[in-house]
Amino acid sequence: MKHRLIALLAVLGILCSVRPVIGADASDTSSELKALITKVQNKLHEGKKTEADLGDELKEFDELIAKHKEEKTDESAQMLYLEVFKKADKAIELVQQLKKDYPDTKAAKNADEVLESMKQQEAALRIQGSLVEGAKFPDFDEKDIAGKSLSVANFKGKVVLIDFWATWCAPCVGELPNVIKSYEKHHDKGFEIIGVSLDQNEAGLKSFTKDRNMTWQQYFDGKGWGNKLAQKYGIQSIPATFLLDGDGNIIGRDLRGEALEEAVAKALVKN
């Protein structure tokens, strides 16, 4: 069927047009899709683009969809994009070819929007690639949800955890007891937290943080995934955290549970 052919050719574009993920893991799916995409790319480069040419790949594509039909599509697809296409050159090439060869299809008509989304994803990956351990965490100057000044510089000399999260993010909420425990244990010794909430409901966020005694500052602008600071730091999935030393240098990323506790305690000793 032609619609399956179009779907196969457009799959790379579709992958990067979905929402960012929340703690997803699609490594198994990723390897399978990567192998299939390689086959398709090889045939396209040979000028083979008809349904007959791609018959075997279409069958494999259907089998892959059926195999993973119970998975959350948005999460799986986004993880596939992030994992398979650290650089989007090949993905962009296929979407552009789709636009050229099948101009009257819905997929082709949406190609420009998809390409723009891919460029944004690629930019986010570049930003994330620069935020490595040892690098200076780029500062910001904002107001927190209470209207108070908020920046990393405000906590110079302190060990700081930058925590990108949301009340609707189950993995974020699941990790909160560990974050709260570390904060209560080490706050008096110089440990601070800056929360960056991707929530859209201000009243709900305030109620949530009050109920759980999350007394640290929170940045909130109500834009969800469009959150200003999330965009600035290329955040594609949550929870996402950066642990900074007293000089604002990154000393850890995405630490969870005991790993967070150990890193904070070690950093405070050095500090």
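**Exercise 1. The loop after β7**

Task: Which loop holds P239, and which peptide bond there is cis?

Solution:
- In this predicted model, P239 sits in the loop between β7 (237-238) and β8 (240-244).
- The residue joined to P239 by a cis peptide bond is I238.
- Omega of that bond is about 5°.

**Exercise 2. A166 and its contacts**

Task: Place A166, decide whether A166 is buried or exposed, and list its contacts beyond near neighbours in sequence.

Solution:
- A166 belongs to the loop between β4 (159-165) and α8.
- Its relative accessibility is 0%. Buried means under 20%, so A166 counts as buried.
- Set aside neighbours within four places in sequence. A166 then contacts C172, V173, L198, D199 and I238.
- Take L198 from that list. L198 and A166 are 32 residues apart along the chain, yet their C-alpha atoms are separated by 5.1 Å.
- I238 is also on the list. I238 is the residue joined to P239 by the cis bond of Exercise 1.

**Exercise 3. Positive phi outside glycine**

Task: Where do N213 and D254 lie, and how does each count by accessibility?

Solution:
- Start with N213. Its phi is near 55°, a positive value in a residue other than glycine.
- N213 lies in the loop between α9 (202-211) and β6 (217-219).
- At 45% relative accessibility, N213 is classed as partly exposed.
- Now D254. It is not a glycine either, and its phi is positive at about 50°.
- D254 falls in the loop between β9 (250-253) and α11.
- With 36% relative accessibility, D254 is classed as partly exposed.

**Exercise 4. How α8 meets α11**

Task: Describe the packing of α8 and α11 by angle, distance and handedness.

Solution:
- Two packed helices are described by the angle between their axes and the distance between the axes.
- Helix α8 covers residues 170-186. Helix α11 covers residues 257-270.
- Their axes are 9 Å apart, at an angle of about 20°.
- Angles under 35 degrees count as roughly parallel, so α8 and α11 are roughly parallel to each other.
- The crossing of α8 past α11 is right-handed.
- From α8, the contact uses E175, N178, V179, K181, S182, K185 and H186.
- From α11, it uses G257, E258, L260, E261, V264, A265 and L268.
- A259 is also in α11. Its relative accessibility is 37%, so A259 counts as partly exposed.
- N178 and A259 are 81 residues apart along the chain, with C-alpha atoms separated by 9.9 Å.

**Exercise 5. The span of α7**

Task: Does the span of α7 agree or disagree with 1.5 Å a residue?

Solution:
- α7 has 20 residues, 111-130.
- At 1.5 Å a residue, α7 should span 28 Å.
- The end C-alpha atoms are 29 Å apart, which agrees.
- Its buried residues are A111, V114, L115, S117, M118, Q121, E122, A124 and Q128.

**Exercise 6. The whole chain and its confidence**

Task: What is the average pLDDT, and which stretches stay under 50?

Solution:
- The protein has eleven helices and nine strands.
- Of its 271 residues, 48% are buried.
- Consider contacts between residues at least 6 apart in sequence. Of these, 74% join residues at least 24 apart.
- The average pLDDT is 79, and 71% of the residues score at least 70.
- Residues 12-22 stay under 50, with 46 contacts beyond four places in sequence in the model.
- Residues 71-87 are also below 50, with 52 contacts beyond near neighbours in sequence.

How values were computed:
Residues numbered from 1 in each chain as written. Predicted model: local features only at pLDDT ≥ 70, side-chain atom pairs only at ≥ 80, totals over all residues. Heavy atoms only, no water. Helix = DSSP H or I, 4+ residues; strand = E, 2+ residues; numbered from the N terminus. Expected span 1.5 Å × (residues − 1). Buried < 20%, exposed > 50% of the residue type's maximum accessible area, 1.4 Å probe, protein only. pLDDT = per-residue confidence, 0-100. Contact = heavy atoms within 4.5 Å. Axes fitted to C-alpha atoms, helices over the stretch in contact; angles between N-to-C directions. Parallel < 35°, antiparallel > 145°, perpendicular 65-115°, else oblique. Left-handed = near helix turned anticlockwise from the far one by under 90°.
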